[in-house]
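Subject: Structure handover and notes

Hello,

Here is the structure we talked about passing on. My notes on it follow below.

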Amino acid sequence: MERMTRRRWLGLVMGTVTVSASALLASCGGTGSTPTPTTAATPTPPAAAASPTATAAATATTRAATPTVPIATPTTAAASTVKARIALTASDAAFLIALDQGLFKAAGITVDLITATLDPGQAISLLGAGQLDLVGGGVSAALVNGIKQGVALKIVVAETVITQSFGNFHVIGVPKTLFEAGDVKSVADLRGKQIALVTSSGGDVLETKKVLAQHGLTLKDVQVQTLRAPDVPTALQNAAVAAGFLIEPYVTIATKQLGAAVALVDGTEIARAAGIGLPINVLSFGPRLLGDRPLAIAFLTAYLRGVAWYEERIGDPGRRQEIAEILKKYTPLKDDKLYAEMTWPPIARDGRFEPKFLEEYQALWTELGQIKETLPVDQLVDFSYLDEAARQV
């Protein structure tokens, strides 16, 4: 898999874009240098949540709509602070709902959000050093490498998984200009061409590998470039790549708002190729939470109540805006029109996935040379905390 430096790629993709499109992309994803672990160790709350008074006032307006799910008596003896680093995307909806609606607080837990940008390796290092308690994001080779380095680390819950109703939450898009010219009309036409992915080892890579395989191609048959998710729509608009993996809300931005891309492979085909139940985003606990079972269970109980809150509203267009208002407070996505148009995240209702998928991830990482040896899946995931939490919801 060939990759270019981000600086070189930004020079390629950041061509002429309309003022409105630039503003739209800016509202959906920020940029910034990757800090050292010591920088990230000091939590920086999101700007929207910086004022407790403002947060309390905003929360009070929706208190009447708080889920009918009862809030249990805290299982911890005293208030505990959990240091969490999550991706701050729509996929974190259940986590952010639990935070915003006071569900963690009701369980005796204060959550410190670490908002600095970290790559998976840095995040795992901070878990091992006790500077983070949990990490959320895509499944990554850093999981295996961290465990091999002696970090007590386990996936404990899936935030999002591929579902039967996956929709176009993920698509593989091609530049509209190339599609209309007939240069790229099928997956087979991608042979030898550049395709933008957003991670080096996550679900987008595994999903793309499986889609390519169904058309007689491998990852070695295409030129893979890694771009940030917010940069993929612009790369497609400028035809700097022949295809790009799009994750909502960037599916909607690229195909509808910019009109720059066509879905060569829609979400239904991706789901069929990748497999229903494939984990996309997960929460992983580090040494402190794995070693404090009551605290871990209390945390996951509150998280599952956040899932229930999401599920009570996501199917009702009239109430879906309540979720959007919370996401607008904590994530870079502020555009109500995007929330109205996009495919919403496939939040895992029970937080589980079939562990066998981790064998497929490890086969991918081995193929890419990102891990030296595989681990039994029971060393990577532990749903026992989740099972106990589910009995308390």
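K148 is partly exposed, with 43% relative accessible area. Its side chain meets that of E373 in a salt bridge, with N and O 3.0 Å apart. E373 is likewise partly exposed, at 44% relative accessibility. K148 belongs to helix α8 (residues 142-148) and E373 to the loop between α18 (357-367) and α19 (384-390), so this salt bridge ties together parts that lie 225 residues apart in sequence. Please keep in mind that this is a predicted model, so none of the distances here come from an experiment.

Confidence

The average pLDDT of the protein is 85, and 80% of the residues reach at least 70. Residues 2-78 are the stretch to treat separately: the pLDDT there is below 50, although the model gives this stretch 131 contacts beyond near neighbours in sequence.

Other salt bridges

The structure has 15 salt bridges. Side chains of opposite charge can pair when their charged atoms come close. R313 and E322 form one such pair, at 2.7 Å from N to O, and both of these residues are buried.

E325 and K328 form another salt bridge, in which the closest N and O atoms are 3.2 Å apart. The two residues sit 3 positions apart in helix α16 (residues 317-330), so about one helical turn separates them. An α-helix has 3.6 residues a turn, so residues three or four places apart point the same way. E325 is partly exposed, at 36% relative accessible area, whereas K328 is buried, at 18%. The cut-off for buried is under 20% relative accessible area, so K328 falls on the buried side of it. There is also a network: E312, R313, R319 and E322 are joined by salt bridges that share partners.

The nonpolar core

Which residues touch the most other members of the largest nonpolar core? They are F95, L134 and F299, in a core of 131 residues. Helix α15 (residues 293-314) supplies the largest share of this core, with 13 residues. In soluble globular proteins, nonpolar side chains tend to be buried together.

The surroundings of F95 can be listed. Apart from residues up to four places away in sequence, F95 touches A84, I86, F104, V111, L113, L134, E159, L283, F299 and Y303. L134 and F299 are thus both among the contacts of F95.

H170

Is H170 buried or exposed? H170 is buried, since its relative accessible area is 2%. The residue is placed in strand β5 (residues 170-175). Its side chain makes a polar contact of 2.8 Å with the side chain of E207. Leaving aside neighbours within four places in sequence, the contacts of H170 are E207, F245, L246, I247, D266, G267, I270 and I280.

K256

K256, in helix α12 (residues 250-257), is exposed, with 53% relative accessibility. Residues up to four places away in sequence aside, K256 touches V251 and E341. The C-alpha atoms of K256 and L338 are 9.8 Å apart, while the two residues are 82 positions apart along the chain.

Helix α7

Helix α7 covers residues 120-128, and its buried residues are Q122, A123, I124, L126 and L127. The N-terminal end of α7 is capped by D119, which has a side-chain oxygen 3.0 Å from the backbone nitrogen of G121. After α7 comes G130, with a positive phi near 80°.

Strand pairing

Strand β1 (residues 80-85) runs parallel to strand β2 (residues 109-113), and 5 bridges join them. Within this pair, T81 stands opposite T110 of β2. β1 also pairs with strand β3 (residues 134-138), again in the parallel sense, over 2 bridges. Here R85 has V135 of β3 as its bridge partner. In a regular strand the side chains alternate between the two faces of the sheet.

Regards

Conventions: Residues are numbered from 1 along each chain as its sequence is written. Side-chain values use heavy atoms; hydrogens and water are left out. A nonpolar core is a set of buried Ala, Val, Leu, Ile, Met, Phe, Trp, Tyr and Cys residues joined through side-chain atoms within 4.5 Å. Buried means under 20% relative accessible area, exposed over 50%, partly exposed in between (1.4 Å probe, protein chains only). Helices (H or I, at least four residues) and strands (E, at least two) are DSSP runs, numbered from the N terminus. Contact means heavy atoms within 4.5 Å. pLDDT is the predictor's confidence in each residue, from 0 to 100. A polar contact is a pair of N or O atoms within 3.5 Å; within protein, one must be able to donate a hydrogen and the other to accept it, and residues adjacent in sequence count only if both atoms are side-chain atoms. A salt bridge is a side-chain nitrogen of Lys or Arg within 4 Å of a carboxyl oxygen of Asp or Glu. Two strands pair if DSSP finds at least two bridges between them.
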